[in-house]
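The following exercises are to be worked with the sequence and the model at hand. Each task is followed by a solution in steps.

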Amino acid sequence: MKPKKIILASHATPGARAAEDAAFELCPGNGASLHHLLVVPDFWKGMMGDDWLNNVVTQIRFGNYVENQLVQEVASEIERLSERAKRNDIAYKDDVRLGKPAPCLIDACENGDFDLCVIGSPRPKEAKGYRSRMDLNVLTRSLPVRLLIVPHPDR
């Protein structure tokens with residue numbers, strides 16, 4: 001397999017980092033480029049804390065705080081992968097979207113002329129953390145490119 005244009009869906013969880021490693025292994029030596037898709041799940045969109053904050057000013061401040069935290073986390077991830085790509089002499093682009101992971105990935109693939117899509121597998125049930133859940137049924141039925149699902153490192 002010698003893909004020239006790879007899209008990587010990653011958001012820094014252990015499973016996503018395993019997918020990153022696989023995508024980077026496929027790139028060197030063949031001139032492939034790496035397109036990083038980072039999807040911020042849409043449940044953050046309306047996060048205002050209005051169920052426990054008692055006035056509008058406090059709700060707005062909290063909403064701004066959450067948004068700033070997300071922006072910082074996204075920027076950190078982009079910088080981390082961008083630097084890794086630069087160290088490995090791999091062309092890198094990023095794409096940040098707000099929404100549901102599977103539809104965002106399908107849309108990116110439909111409009112990007114990619115040879116391969118790389119994602120991590122769902123985390124094991126016993127693993128801690130929020131599961132933003134890539135809908136694999138939707139993804140595998142609609143994805144217009146080959147898909148590589150990398151096993152979770154804890155399996």
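**Exercise 1.** Determine over which ring the charged end of K5 sits, and place K5 among its strand partners.

*Solution.* Step 1: in this predicted model, the charged end of K5 lies over the ring of F114, at 5.1 Å from the ring centre. Step 2: turn to the strand pairing, where K5 has S33 in β2 as its bridge partner. Step 3: β1 and β2 run parallel and are joined by 5 bridges. Step 4: β1 also pairs with β4, again in the parallel sense, over 3 bridges; here I6 stands opposite L116 of β4. Step 5: as for accessibility, 4 of the 5 residues of β1 are buried. Step 6: a search for aromatic pairs across the whole structure returns 0.

**Exercise 2.** Identify the buried residues of α1 and the elements that cover them.

*Solution.* Step 1: α1 comprises 13 residues and spans 19 Å from first to last C-alpha, close to the expected 18 Å. Step 2: applying the cut-off of under 20% relative accessible area, the buried residues are G15, A16, A18, A19, E20, A22, A23 and F24. Step 3: the cover over these residues includes β1 (5-9), β2 (33-41), α2, β4 (116-120) and β5 (146-150).

**Exercise 3.** Carry out the corresponding analysis for α2, and state the sign of phi at D89, which follows this helix.

*Solution.* Step 1: α2 has 32 residues; its first and last C-alpha atoms are 46 Å apart, close to the 46 Å expected at 1.5 Å a residue. Step 2: its buried residues are Q59, G63, V66, L70, V74, E77, I78, L81, R84 and A85. Step 3: β1, α1, β2 and β3 are included in what covers them. Step 4: after α2 comes D89, and its phi is positive, near 55 degrees.

**Exercise 4.** State how many salt bridges the structure holds, and explain what the pair E77 and R17 ties together.

*Solution.* Step 1: side chains of opposite charge can pair when their charged atoms come close. Step 2: the structure holds 7 salt bridges. Step 3: one of them joins the side chains of E77 and R17, at 3.9 Å from N to O. Step 4: E77 belongs to helix α2 (residues 56-87) and R17 to helix α1 (residues 14-26), so this pair ties together parts 60 residues apart in sequence. Step 5: E77 is buried at 11% relative accessibility, whereas R17 is partly exposed at 36%.

**Exercise 5.** Which parts does the salt bridge of R84 and D21 tie together, and is R84 buried or exposed?

*Solution.* Step 1: the side chains of R84 and D21 meet at 2.9 Å, N to O. Step 2: R84 lies in helix α2 and D21 in helix α1, so the pair links parts that are 63 residues apart in sequence. Step 3: R84 has a relative accessible area of 19% and is buried; D21, at 35%, counts as partly exposed.

**Exercise 6.** Locate the partners of the salt bridge between D107 and R97, and name the residues joined into one network by shared partners.

*Solution.* Step 1: the closest N and O atoms of D107 and R97 are 2.5 Å apart. Step 2: D107 lies in helix α3 (residues 101-110) and R97 in strand β3 (residues 91-99), so the pair ties together parts that are 10 residues apart in sequence. Step 3: D107 is partly exposed at 32% relative accessibility. Step 4: through salt bridges that share partners, R17, E20, E77 and R80 form one network.

How values were computed: Residues are numbered from 1 along each chain as its sequence is written. This is a predicted model: local features need pLDDT of at least 70, side-chain atom pairs count only at pLDDT 80 or more; totals for chains, interfaces and linings use all residues. Side-chain values use heavy atoms; hydrogens and water are left out. A salt bridge is a side-chain nitrogen of Lys or Arg within 4 Å of a carboxyl oxygen of Asp or Glu. Helices (H or I, at least four residues) and strands (E, at least two) are DSSP runs, numbered from the N terminus. Buried means under 20% relative accessible area, exposed over 50%, partly exposed in between (1.4 Å probe, protein chains only). The expected span of a helix is 1.5 Å times one less than its number of residues. Contact means heavy atoms within 4.5 Å. Rings of Phe, Tyr and Trp (its six-membered ring) pair if their centres lie within 6.5 Å; planes under 30 degrees apart count as stacked, over 60 as edge-to-face and the rest as tilted. A charge sits over a ring if NZ of Lys or CZ of Arg is within 6 Å of the ring centre and within 35 degrees of the ring normal. Two strands pair if DSSP finds at least two bridges between them.
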